[in-house]
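This report introduces a structure to a reader who has not met it before. Please consult the sequence and the model while reading.

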Amino acid sequence: MTLELSHLSRRFTDFAALDDVSLTIDPGEFVALLGPSGSGKTTLLRILAGLDYSDSGSVRQDDRDFLATSARQRKIGLVFQHYALFRHLTVFENIAFGLRVRSRRLRPPRAEVKARVQSLLKRVQLEDFGSRFPSQLSGGQRQRVALARALAVEPDLLLLDEPFGALDAQVRVTLRRWLRELHEELGLTTVFVTHDQEEALELADRIVVMNRGRIEQVGTPEMIYQQPATPFVCEFIGKVNRLVMNRDQGHLAVGNWILDEDPWHSRYGQALAFVRPEHLALSVAPPLSGWSARLRHIYLAGSVAHIDLYVASLDQTLEADVASEDLSRLGLHAGMELYVVPRAATLFPQIRDGTTINQDRWNWRAASTTPT
Amino acid sequence: MRHRILPGFGISLGYALTYLGLIVLLPLAALVWKASGIGIEGLIHLLAAPRTLAALRLSFGSALLAALINAVIGLLVAWVLVRYRFPGRRLFDALVDLPFALPTAVAGIALTALYAPNGWLGSWLASWGIKVAYTPLGVLVAMVFVGFPFVVRTLQPVLESLDRDVEEAAESLGARRWQTFLRVILPMLAPALLTGFALALARAVGEYGSVIFIAGNIPMRSEIAPLLIVQKLEQFDYAGAAALSTAMLLFSFVLLVVITLLQRWSSRWMEKTR
Amino acid sequence: MSTHASTRPVRWPRRLVRGLFILIAVSFLALFLLLPLAIVFIEAFREGVSAYFATIKQGDALSAIRLTLLVAAIAVPLNLVFGVAAAWAMARFEFHGKALLGAFIDLPFSISPVISGLVYVLLFGAQGWFGPWLDAHGVKIIFAVPGLVLATVFITLPFVARELIPLMQSQGSEEEEAARVLGANGWQMFFRVTVPNIRWALLYGVLLCNARAMGEFGAVSVVSGHIRGLTTTMPLEVEMRYNEYDYVGAFAVASLLALLALLTLLVKTLLEWRYGGEIAAHAPGGH
């Protein structure tokens, strides 16, 4: 089942929740809708679920008009952010609900309902919890019941709204892995909404990054991280240092860091450069191009150390990541003077009023280091 | 709002509006229409009549006083029921709703029997020279009775949800108990207290059943406005009854608007601190 | 919180204040609420148990009881259906004029019962809008049972809606949406998800609605015409006996209404203890 979303728009009274969104979801795909709150990701999910509607645009499901069918006819499984379990029904009855409300013609016989619920309980590892009420379960257990309930109706499409949002950090990681395995087992087309980039990067086959009702970029987690398409994606995914480059004697430069190449052939006067912390190289000896900096702080975070560097010539603090084992090898300590130079950056040219020309972005890699 | 996801919007709203229109709005329209029949001059003539004025003054005056008394005693009772543990607390808590549950006519004759000059309380009070039944004081007693639960029941949930931390913070800053109460607790209770006051007031102004028995209904002295309406009706003065009713409604309405504004003003910090 | 209050070390002036407060509150409740209730039964049994039962069986008491039950049996279901419909519209949808609708639902609480009766007289009475037409067709509403029912419906209109609206608003519509996505049709969603979630609040609202319907005095008094055996409900019977100086008779009928009130309080309290959370923060909007 391929879902084709084209030109979806949805306005609320004071803002555009969705602004001309088009997207294709392939069968069996695991897609993450990622964005900050208010980016329209939840609205998009609710439109797919039939709980909201679009002002314009269409959704086609293998040449069928998906939006014309009601929520009950779409064959979707939806897991709500706060699960929306029926509080007056046991876990068993919650899972059986979707089967029991079918018209007599389509309703499976009692024994089959029982067997199906039992096997789902087993699948979500809650075999002994069938007679409990939702209020007697932990957050992680409720989440799994909600998932089992959604799966019971054998949906063509599984939708999850912030599936791990209400859970502890510990449970979250466990459940995440478990959900990924479940998806690989079932091969069910799955779309989930999250504001947590780590979750999206770890789980999804493809990530849809959204901002202010628009899609910023669609791609594999690797693409999103390595080749961000817009400044927003650069800043939203992972940590990044932001540098404003100007043209100086024909070369783009910021301070003492000067680029020899110019794919734009002097068309743009300035550019925004985004440099990830792991792409900042540190050295004690002065390089050909780069800044001198003072090491402010070292934050040891397990295998990686985050380093704050103050570059006086830019009046800017940069963050660099180095492997913890390199700290002593390079003799790094707070207060020392050293040199720093980017090894890779994503550059967006800017026209005079500051607008970035995103389609002309340039993934720059230093010649001396082999690009990844 | 083209399609709605949950079903039944049209039918539920349509039914509710039709029902409300037929049961409440249409009759009220008839009231206003009938009242307008006597004209402005007639209205002034009616309202300026000494007997009407006396009745309105009694109704609104006693209702205000009763609501004030209820605000004070209701605050105390709510405080005691929420903050202290003592034997029989739950029983007394349940008892607070009695004026809601007891039919007004029953309350009326019971209060009269109690406060009549030969009644249990009435004879004792009479020995002090205080007459309750068949005087404006009796009207007040009945109005306090019917309005009592409102203040307690609006305050209780707020008192229960009050953050103890705030009080402890006040005490840790050196505030005495009464200072904590006046400066910290009371301002937080103010919106609920005003709501309870308004509800008690509205109820007391219109109260009929429990008042007419104990009031004695002496014209110019202990005759309440609703009784005047009934009397006009019995004399087939429909326009007069309607006009008096409309005047009472308007008056209550203005009062409630004022109190709603006060309430909004006193709770203006609520959203900011949460 | 209770442990907090009782385990904190209490210095004696504070303990004195606490004792004083409890004393004042309890005396007020006893003197002002309990005593009037007690006096009803004391007066009713003043001339003994047999006199009590004799006066209850006597005259039109039985027809008054029957009429009271009939009026409540019509008014309560009507307002139950209205309350559910209004709560569904108000708690589940956004529309223009919602606040106004809420205010209109509350209106009967802030109107004098006398006026609530009067409006029907103005509508259906001999001089009313529809009076002449009704008269010509031989339909009697005022000074007859339909008038009593209408006035009672007016007075008790807000009870069920007022209990349900805040509860349903706080519960949100996610469970109902989940039911829809799982394939439930409208009625399945309503009876399998909505009703179970509001059942205790529904019962609570019906209970209060019923107590008021059976006990209403002012509004029915205006439309009744006080025709013995035909248009007198129990509260009106109390009034008529009282005005005829039949005190024992008046208090005997009143004691039945007081019993109803006690029963209402009992069930209400039990509901609050047992299902407090499911009745939720019910606004104490008039009763």
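## Strand β19 of chain A and its partners

In which sense, and over how many bridges, do strand β16 (residues 291–301) of chain A and β19(A) pair? In this predicted model, β16(A) and β19(A) pair in the antiparallel sense, over four bridges. Within that pairing, Ser292(A) is placed opposite Tyr339(A) of β19(A).

Strand β15 (residues 280–283) of chain A also pairs with β19(A) in the antiparallel sense, over four bridges. Here Leu282(A) stands opposite Val340(A) in β19(A).

## The two faces of β19

In a regular strand, side chains alternate between the two faces of the sheet. Strand β19 (residues 337–342) of chain A has a covered face made of Leu338(A), Val340(A) and Pro342(A). Its uncovered face carries Glu337(A), Tyr339(A) and Val341(A).

## The fold of chain C

Chain C holds 14 helices and zero strands. The C-alpha trace of this chain spans about 60 × 60 × 30 Å along its principal axes.

Of the 287 residues of chain C, 51% count as buried. Among the contacts in chain C that join residues at least 6 apart in sequence, 75% link residues at least 24 apart.

## Where chain C touches chain B

In the contact between these two chains, 80 residues of chain C meet 72 residues of chain B. Helix α2 (residues 12–44) of chain C gives the most to the side of chain C that touches chain B, contributing 18 residues. The residues on that side of chain C comprise 56 nonpolar, 15 polar and nine charged.

Conventions
Residues are numbered from 1 along each chain as its sequence is written. Chains are lettered from A and ligands numbered from 1 in the order in which they are written. This is a predicted model: local features need pLDDT of at least 70, side-chain atom pairs count only at pLDDT 80 or more; totals for chains, interfaces and linings use all residues. Two residues are in contact if their C-beta atoms, placed from the backbone, lie within 7 Å. Ala, Val, Leu, Ile, Met, Phe, Trp, Tyr, Cys and Pro count as nonpolar, Asp, Glu, Lys and Arg as charged, and the others, Gly among them, as polar. A residue is buried if 20 or more other C-beta atoms lie within 10 Å of its own, exposed if 12 or fewer, and partly exposed in between; C-beta atoms are placed from the backbone. Two strands pair if DSSP finds at least two bridges between them.
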